[in-house]
Amino acid sequence: MDAIRVRGGKPLKGTVRISGAKNAALPILCATLLSDGASRLRNVPDLRDITTTAALLRFLGRQVDVAAPIVTVAEGSDVRPEAPYELVKQMRASVLVLGPLVARFGRAKVSLPGGCAIGARPIDQHLKGLEAMGCKITLEQGYVVAEGPNGGGRLKAAEVYFDIPTVTGTENLMMAASLAKGRTTLINCAREPEVEELARILNKMGAEVDGAGTDVMHVTGVDRGKLSPFDHAIIPDRIEAGTYMVAGAMHEGGEVLLQGAELGDMEPLVAKLRAAGVDVESEGQNVRVARRKPLRPLQITTAPHPGFPTDMQAQILVLMCCAKGESVITETIFENRFMHVPELQRMGAKIALRGNTAVVEGVDRLYGASVMATDLRASASLVIAGLASSDETEVRRVYHIDRGYEHIEEKFRGLGADIERVKGAES
Ligand code: EPZ
């Protein structure tokens, strides 16, 4: 297994190009199943999750050509609506084929994703919504089997109230509703920028989605076979951008220009960085981050968008390890998303965990160490911590990182970091 070795201690300077958004690309690739035509997606990041999604679409029967940043899904209607455990276990987001398959083909059999390092992550809201649209849902040997009304008929529009604003739950039902009969209403739905991006795609394909980005969305469906293919360049990745913003702010004197970042999608993070004393300015299509003074501590509570993103919690926690004073960070989305804390404590961070809250006492410096990555964003935070300490840090099990960060070593080297990948390092 690869590891990433970092020798930190100096401010990052330079320009980094922000890739397309992983969490927009995944649902959009699944949306190609709603049309038999050939679709093309541009600005797609070169990530393992994209490769896994392409493999899933191929397994379902569609021809897919991945030549990052372009992915093309060829014309095809001969689809076997089954997503096997072997593929779904590699990536939970595979559950996003459920809505499109049952809406398009009247039946779908998809492996239940199961839990992951950061939480149990059930899909009850996805299933509740499909049942409201007339689906018969059964669980068979670890698989969800969804069947349209009357043995595979067309879904019917419904009013769905989400007990919790779920991102992929909202996306699955948006896609299902785009082929349902009538106008579906999704209440208390997710408002993330990636949800809005999927709405843009569905509207391009011929469905009628309005209210995306708010907590009430309406989707008017069209007849099966009536959705057209698309050609679309996806939005930049706000979480990748946020990760480089935090890395740029780790040292006084740090100054990073993020090429192609969308400030509007990052307001919750930008507000907190500015509150900590970091300068963040928009420069046309780019965003400039500069750290010119000591960091102030923060109070942060993660929440659904437009609240503070849980996918930036680990990274900002590392930043607060170097602030002057006490910060309090509360994680409300996932029940087990502090796995990076014991690793940071090994690097000399002062963090006390109390239930879903981390109390962080700023320290003068972090120390290099060998640390273990546990999930995607935790691993990014450990690389940032390594960049903050002037010794050597080795982050192990970096396969997590390859799922969500494109060419991370090259990008950090472009900012002056001393970082390398160690192939086949022991786990
Ligand atoms: C999406 O996951 C993202 N993944 C996650 O990013 C992100 O952390 C998360 O949204 C929250 O922003 C993708 O978009 C592919 P949720 P998702 O359903 O949709 C509970 C990353 O690092 N819930 O919004 O799976 C759930 O357990 C990843 O890129 C139910 O109880 O998250 C959680 O506590 C990690 N029942 C909360 O809702 C349901 O049916 C929010 O989860 C669905 C969710």
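Trainee: How many salt bridges does the count come to?

Mentor: The count for this predicted model comes to 33 salt bridges.

Trainee: Why is the contact of arginine 238 with glutamate 194 called a salt bridge?

Mentor: The side chains of arginine 238 and glutamate 194 meet at 2.7 Å, N to O. The cut-off is 4 Å between a side-chain nitrogen of Lys or Arg and a carboxyl oxygen of Asp or Glu, so the pair counts as a salt bridge.

Trainee: What makes this pair a tie between parts apart in sequence?

Mentor: Arginine 238 sits in helix 9 (residues 238-248) and glutamate 194 in helix 8 (residues 193-205), so the pair ties together parts that are 44 residues apart in sequence.

Trainee: Arg238 also appears in the lining of the largest cavity. What makes that space a cavity rather than a pocket?

Mentor: A 1.4 Å probe fits at its points but cannot get out, whereas a pocket is an open set. The largest cavity holds about 60 Å³ of space, and the search of the whole structure finds 5 cavities of 30 Å³ or more.

Trainee: Which residues line the largest cavity, and which elements give two or more of them?

Mentor: The lining includes Arg238, Ile239, Asp265, Met266, Pro268 and Leu269, together with His305, Gly307, Pro309 and Met312. Helix 9 and helix 10 (267-275) each give two or more residues. By class, the lining has 6 nonpolar, 2 polar and 2 charged residues.

Trainee: What does the second largest pocket look like in the same terms?

Mentor: Its volume is about 220 Å³. Of the 14 lining residues, Met250, Arg291, Cys322, Val363 and Asp364 lie nearest the centre of the pocket. The lining divides into 8 nonpolar, 1 polar and 5 charged residues.

Trainee: Turning to the ligand, why is the approach of aspartate 311 called a polar contact?

Mentor: A polar side-chain atom of aspartate 311 lies 2.6 Å from an oxygen atom of the ligand. The limit for a pair of N or O atoms is 3.5 Å, so this pair counts as a polar contact.

Trainee: How do you know that arginine 337 and glutamine 125 qualify too?

Mentor: By setting their distances against that limit of 3.5 Å. A side-chain N or O atom of arginine 337 is 3.4 Å from a ligand oxygen atom, and a polar backbone atom of glutamine 125 is 2.8 Å from an oxygen atom of the ligand. Both pairs therefore count as polar contacts.

Trainee: How much of the ligand does the protein cover?

Mentor: The protein covers 88% of the 840 Å² of accessible area that the ligand has on its own. Helix 1 (22-31), helix 5 (124-132), helix 7 (167-177) and helix 13 (376-388) are the elements that give two or more residues to the shell. Helix 5 gives the largest share, 3 residues.

Trainee: What makes a residue part of that shell, and how many are there?

Mentor: A heavy atom of the residue must lie within 4 Å of the ligand. In all, 21 residues surround the ligand, with Asp124, Thr166, Thr168, Asp311 and Ile333 the closest. They divide into 9 nonpolar, 6 polar and 6 charged.

Trainee: Which backbone values call for a second look?

Mentor: Most residues other than glycine have a negative phi, and most peptide bonds are trans. The bond from alanine 68 to proline 69 is cis, with omega near 15 degrees, and proline 69 is in the loop between strand 4 (64-67) and strand 5 (70-73). The bond from histidine 305 to proline 306 is also cis, with omega near 10 degrees. Asparagine 43 has a positive phi, near 60 degrees, and sits in the loop between strand 3 (39-42) and helix 2 (48-60).

Technical notes: Residues numbered from 1 in each chain as written. Predicted model: local features only at pLDDT ≥ 70, side-chain atom pairs only at ≥ 80, totals over all residues. Heavy atoms only, no water. 1 Å grid on protein atoms, 1.4 Å probe; cavity = no way out; pocket = protein on both sides within 12 Å on 5 of 7 lines; lining within 4 Å. Points joined across faces, edges and corners; volume = space filled by probe spheres on them. Nonpolar A, V, L, I, M, F, W, Y, C, P; charged D, E, K, R; others polar. Polar contact = N/O pair within 3.5 Å; in protein donor to acceptor, adjacent residues only side chain to side chain. Areas by Shrake-Rupley, 256 points an atom, 1.4 Å probe, with all protein chains shown as cover. Helix = DSSP H or I, 4+ residues; strand = E, 2+ residues; numbered from the N terminus.
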